[in-house]
Structures are given as C-alpha cells and as structure tokens.
Amino acid sequence: MVNRDLLTNLCNAIPETHRPLAEALQGAARYTISNPTLSLKKLNVALSIIVRDLYEKEMNKSGKGSDLRTLLLNKGFAEKIHPRRMYLLMNLIQKTTLTSSNAIVDTKAAKIALDYLIDLTTWYIKHLTRGAKLAQAAYFDLDEMQTAPQRTKLDFPKHDYEDAARWFLDSANNGDSNAQYNLGFLYNHGNGVRKNYLVAAKWYTRAAEQNDANAQYALGVLYQLGQGVDQDVRKAAELYDLAAHAGNADAQYNLGSLYNQGHGVEQNFQKAAHWYEKAATQRNTSALNNLGFLYHDGNGVEQSFAQAATLFTEAATAGDASAQYNLGYLFKNGRGVEQSFKQAAKWFLTAAMQGHTNAQFQLALLYKSGQGIQKNEEEALKWLTLAANSGHINAQYSLGLIYKQQNTKHSISLAIEWLSKAAASEHISANYDLGIIYLSLGQLDSAHKWLKRAARQNHAQAQFQLAMLALDGENNLPNYNEAFKWLQAATSQNDANAEFQLGLLYEQGLGTTLNYDEARHCYRLAAEQGHIEAQYKLGNIFDKGLGVKRDYQEAAKWILRAANKGFAKAQFQLAQMHANGEGVAHDYKEAAKWYRLAAQQGHVKAQFQLGMLYKKGQGVAQDYTEATRWLKQSIEQEM
C-alpha cells in the first residue's frame, strides 16, 4: 500500500493553482483497489497535466492538439526534461488498460503506476516556479481523456466494420478470394461480427483454395493453434509452405520457425535459415531476430557473433523488442560487438519500455550494479517489480531476496510473497530461501515443507539444512537416520559442510555403522575444499591411527593447515605435537607460539600448557607472573 502520510504531504505541497493535479493524484490513490481501471485513468490524467504543463512552459507553445506520446517524442522537449519515467508510466497505463482483464493484476499495475506518479510529481513540484499558473493546455479534455488510442486491424474506421462485413459477404459468396480472406479476418478477430474461429476457418479455406497466399498463411495459423479446426501442425506447415513460396513474409517466418523447432516437419536448421532469410529481405523483424539467433548459435549457418549483431541491430532499430533485448545481451557480454554496458543498458531500456520482461530484469540488474547506467536501487526495484508482475520468475526471486535482506517485518512479508510466486514456478532456490525465512521465524513445519521441496530437487544447501535440523531434533532428540540420509544426498554434490558432518556420523557410528575408512574419506573430501574443521579431524584420524596406520607427519600436515587459518583446537594440537616431537620438530619455542595463539582464543588447555612453559622456562623466558596469569585464566574458565 502507498504511504498515506507521504501522499497527503505531497498533495498539500502542490500549489493551489495546480489543484487538478492533486485531485487526480488523490483519485488515483483512492481507487487502486476498489476500481483499478478508474485509478489508471486518473493516473493518466495526472500524467497529462504534468507533461502538457511542462511542454508549454519549456517549448513556449501549446501541445493541446497532440497526444502525450507525440509530445514526449519531441526531441527538443525530451532533451530538456529527460522524460524516461514519464514514457514508462504512459506505456504501463496504456498496456494495462488495453490488455488486462484480471482485477488482481490491474490492482498491482495501478499500485506500481501510482508509485511512479508520486515520484514523478515530487520531482515536478520541485521545479515549479513560485506563483506560476497551470498551463491552459494542461486542462485539455480533462474530464474525458482517453487512457489509450483506439487500435484497428484493417484500414477503415472501427465503426465501418459491420458495413464492411456485409459487403465482404456478398463478394465472398460470389467467389471473390480477397473478400473471402477479409471476411475470415473479421471473424478471426471479432471485428464487425462475433468472433468465430470456425467461420473464419471456413472463409480462409475458400480463399486458400484459390491460392490466396494471405489466406493460406492465416489458415495455417489456425491449424497450428487448433482454432476453429483440429490442431494439425503438419497441415499448418503445408499451408505455410504454399504461402511462403508465393512470397508471404509472415508465412516464410512461421515456416522457418517450424523447421527451427522441428514442429510439423523434421527439424532442419538450414531450411529454417533459408526461410528466415527470405522473410528478412522483406523486413520481417521477427525473422531478422531469429536468423540472428541461428548465427549466434551456429545452427544451419556458420557461427558468427558479428553477423548476429548486424541482424539484431537491423531488427532492433526497426522496433523489435526481442531483438533490442538480444542486442543488449551482446553488448553486455561483448559478443560480436565491443563490450559496452552503456549500450547494453540503452537497448535493454528500449526493449523494457515495450514490456519485454527479460529486458526489464536485465535493466534492473544494471541499475543495481551501476554498470553502464547510474546505480539506483530504487529504479532496480521498480523494474524488477514490473518484470515480476509479468511473471518473470528470476525477477520474483530477486525481489524476494532483496526484501529478505531488508529484514523488517513488512519486508519479510513481501519476501515471502515474491519467493512463494517463484517457488510455485519450481524455482529451486526460492523454495530454499522460503524455508530459511520460516526457520528464522520459528515456523518449523513451514520451514521443513519448503526445504524439502528444494532438497528433493537436489539443492545441496537445503539438504544440508534438513540434516542439521534432524541433528538438532525436537525436544533435543536427534534423528541420526534422517540426518544421514540428507547428508548423503548433499555430499553427492560435493558440499564440503555435508562431507564434514557425514564424516562425524561415520566416525561416531550415528545413523550408520561406525566406519573410520568412510569418515576419513569424507574428511579428506571436505579438507581438500578448505574446510578447516575437516582438516583438523583428518589430522586427528592419522594422529590417533583410527582405521589407518598412525602417521604423525600426515597428521601434522592437515593440522597445520587448520592452525594457520586460526582454528584454536588445531593450534593447540600442533603445539602438543611440537612439545612431544610428533610429526614435527621437537621445539618448545614453536609449541609456545601455537599454545599462545590458541590461549588467546580462550582455549583452556592451551592456557594451562602455556602457563606451565612459563613456569619451567621452556621455549620462553621463565616468568612466574606470566605463568600465574595463564594458569589462573585456565582455572577460572574451568570453573
């Protein structure tokens, strides 16, 4: 929910001369939940007020006769105000009001748009000149402002569709293939007639039988999707082939895609490239993009990142969002182009503006890292939210982690919300992080549920965590068998912590038969990965000769590694070995050194032994005061 105090303070800061803006803002906030569509409309009103007021004042002319997009695309105006966020807000409102029918999605979109508008309004009022009145153009159609332009499919106005359908019907019945195709189109899209795929297929078929390439392509789409006809991808491929040979660019692209994927035809990358090239010569941007993919991966053509970049650039410049994203990816990774995070950010932003969720996610990552664009955590969060609301799983997971790290009551609630959405889409790590959150909240049943979901999908950390929970046990009753099961699962992925814990179980015969050989094997695997305690335990295996011939030199080698990393038990053990000359030189000075390091960490036996060395003057100058100090510390800790 929006911060009401923040909203109230913002509205109060808006001058009386600009009250329509305050009213639109308040209305947008009031209806975000109860009527999100109305909220979005009022948001659009507020945006229009800001843009039109700024345009008239910055450009010294009225923009009353132009729509918002035209104003924002004015190069001179854009250079003065940098309207990125305004453009994003306008696109969000337009996209949502045109495509969204789900009230829950609408509500979230309205909340996100309101958040952007509050931020924009805060910026706007800071730049108002004291006493300046609202530009007259800002009142343009204030009460009846459209939230988005009408879209038409054919070249005649929407109100003419019904008349067109009647005219097409007469001509279609007389065998005119163009009329048959157009009538099929109207039924396919529900323009002027009730949408009916069955009837659309009927008229497309009649036109296709007369070799109308457009109808062959459109009928192919129906067969591919199973709309109005039984789904038959092979039949779709046949129809695409007829239309493609007749020069229909869309059919050429679709046929290339079927060969690319092996749907309805045998997979053949060479044929896919052939038809993509045919469509690309007709400026089909999807074909340019997909052909770029083939060059990127070397499928059906000789691999060339440079050629992929050329094709992506051509499609991206023509406005293809997928190509814009792909070009951004190439710039980010330096493939076929000189690496440039700035160019990557530019193309990700361009694609993100068109609602490309992967681009929104990648743009958020750049904002978060500050690569190619000024670091901005707030912008990162907003782009992640847009992508997450569109179902981008990694964006949902990333949002969950961000809120988890904030570690407040409200943020933890948001973290659970987003991680749950990612987990519902089988994001393995989301299951694990949900389990950890519930574990921190003391909700063990929920923690076990989510950790097990991750563990069953071979998430090593989840498996290890379940093992540790089993070792802790309810009412201090460890379940060693359960722990052993999950540790074995985790060690199959070479998890060092799991290897160490499994070694402990083998060494003590807990949850399994006592087996020093297996214990030594587990300790070694963990020790070689740098696990300090495993290095110490492996040294002790050789020091004590457990399941192996006693070898003080091998013991000293591993204990020294742990001691050098500051492990107090290893430091004490190494001191003992120097004091006794076991596996290392008999050297009281070295013994004193290692006793001291362990003693300073509170190791009781090391404190006692160091005190005795001072008392006897072995390895250190005899000093009864130091001896008393260290012996006293050891006694006090024992007590």
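## Salt bridge within helix α26

At 25% relative accessibility, E482 counts as partly exposed in this predicted model. Its neighbour in the helix, K485, is also partly exposed, with a relative accessible area of 43%. The two side chains meet in a salt bridge, with 3.5 Å from N to O. Both residues belong to helix α26 (residues 480–491), where they are three residues apart, about one turn of the helix. An α-helix has 3.6 residues a turn, so residues three or four places apart point the same way.

## Other salt bridges

Across the whole structure, a search finds 14 salt bridges. Side chains of opposite charge can pair when their charged atoms come close. One of these pairs joins E426 and R453, whose closest N and O atoms are 3.8 Å apart. E426 lies in the loop between α22 (409–424) and α23 (428–440), while R453 lies in helix α24 (residues 444–455), so the salt bridge ties together parts that are 27 residues apart in sequence. E426 is partly exposed at 47% relative accessibility, and R453 is partly exposed with a relative accessible area of 27%.

Another salt bridge links K368 to E377, with the closest N and O atoms 3.2 Å apart. K368 has a relative accessible area of 32% and is partly exposed; E377, at 42%, also counts as partly exposed.

## Helix α12

Helix α12 comprises 13 residues (233–245). At 1.5 Å a residue, α12 should span 18 Å, and its end C-alpha atoms are indeed 18 Å apart, which agrees. The buried residues in α12 include A236, A237, L239, Y240, A243 and A244. These residues cover an arc of only 165° around the axis, which puts them on the same side of the helix. On the other side of α12, R234 and H245 are exposed. The cover over the buried residues includes α11 (213–225), α13 (249–261) and α14 (269–280).

Both ends of α12 have distinct local features. At the N-terminal end, D232 acts as a cap, with a side-chain oxygen 3.2 Å from the backbone nitrogen of R234. Just after the helix, G247 adopts a positive phi of about 100°.

## Helix α14

Helix α14, which helps to cover the buried residues of α12, has twelve residues. The expected span at 1.5 Å a residue is 16 Å, in agreement with the 16 Å between its end C-alpha atoms. Buried residues of α14 include A272, A273, W275, Y276, A279 and A280. They pack against α12, α13 and α15 (285–297).

The N-terminal end of α14 is capped by N268. A side-chain oxygen of N268 lies 3.0 Å from the backbone nitrogen of Q270.

## A buried glutamine in helix α9

Q180 is found in helix α9 (residues 177–189). With a relative accessible area of 3%, Q180 is buried, because buried means under 20% relative accessible area.

The side chain of Q180 takes part in polar contacts. One is with the side chain of Q210, at 2.9 Å. The side chain of Q180 also reaches the backbone nitrogen of A207 at 3.4 Å. When residues up to four places away in sequence are not counted, Q180 touches A172, G175, W203, Y204, R206, A207 and Q210.

How values were computed: Residues are numbered from 1 along each chain as its sequence is written. This is a predicted model: local features need pLDDT of at least 70, side-chain atom pairs count only at pLDDT 80 or more; totals for chains, interfaces and linings use all residues. Side-chain values use heavy atoms; hydrogens and water are left out. Helices (H or I, at least four residues) and strands (E, at least two) are DSSP runs, numbered from the N terminus. The expected span of a helix is 1.5 Å times one less than its number of residues. Buried means under 20% relative accessible area, exposed over 50%, partly exposed in between (1.4 Å probe, protein chains only). The arc is that of the directions from the helix axis to the C-beta atoms. Contact means heavy atoms within 4.5 Å. A polar contact is a pair of N or O atoms within 3.5 Å; within protein, one must be able to donate a hydrogen and the other to accept it, and residues adjacent in sequence count only if both atoms are side-chain atoms. A salt bridge is a side-chain nitrogen of Lys or Arg within 4 Å of a carboxyl oxygen of Asp or Glu.
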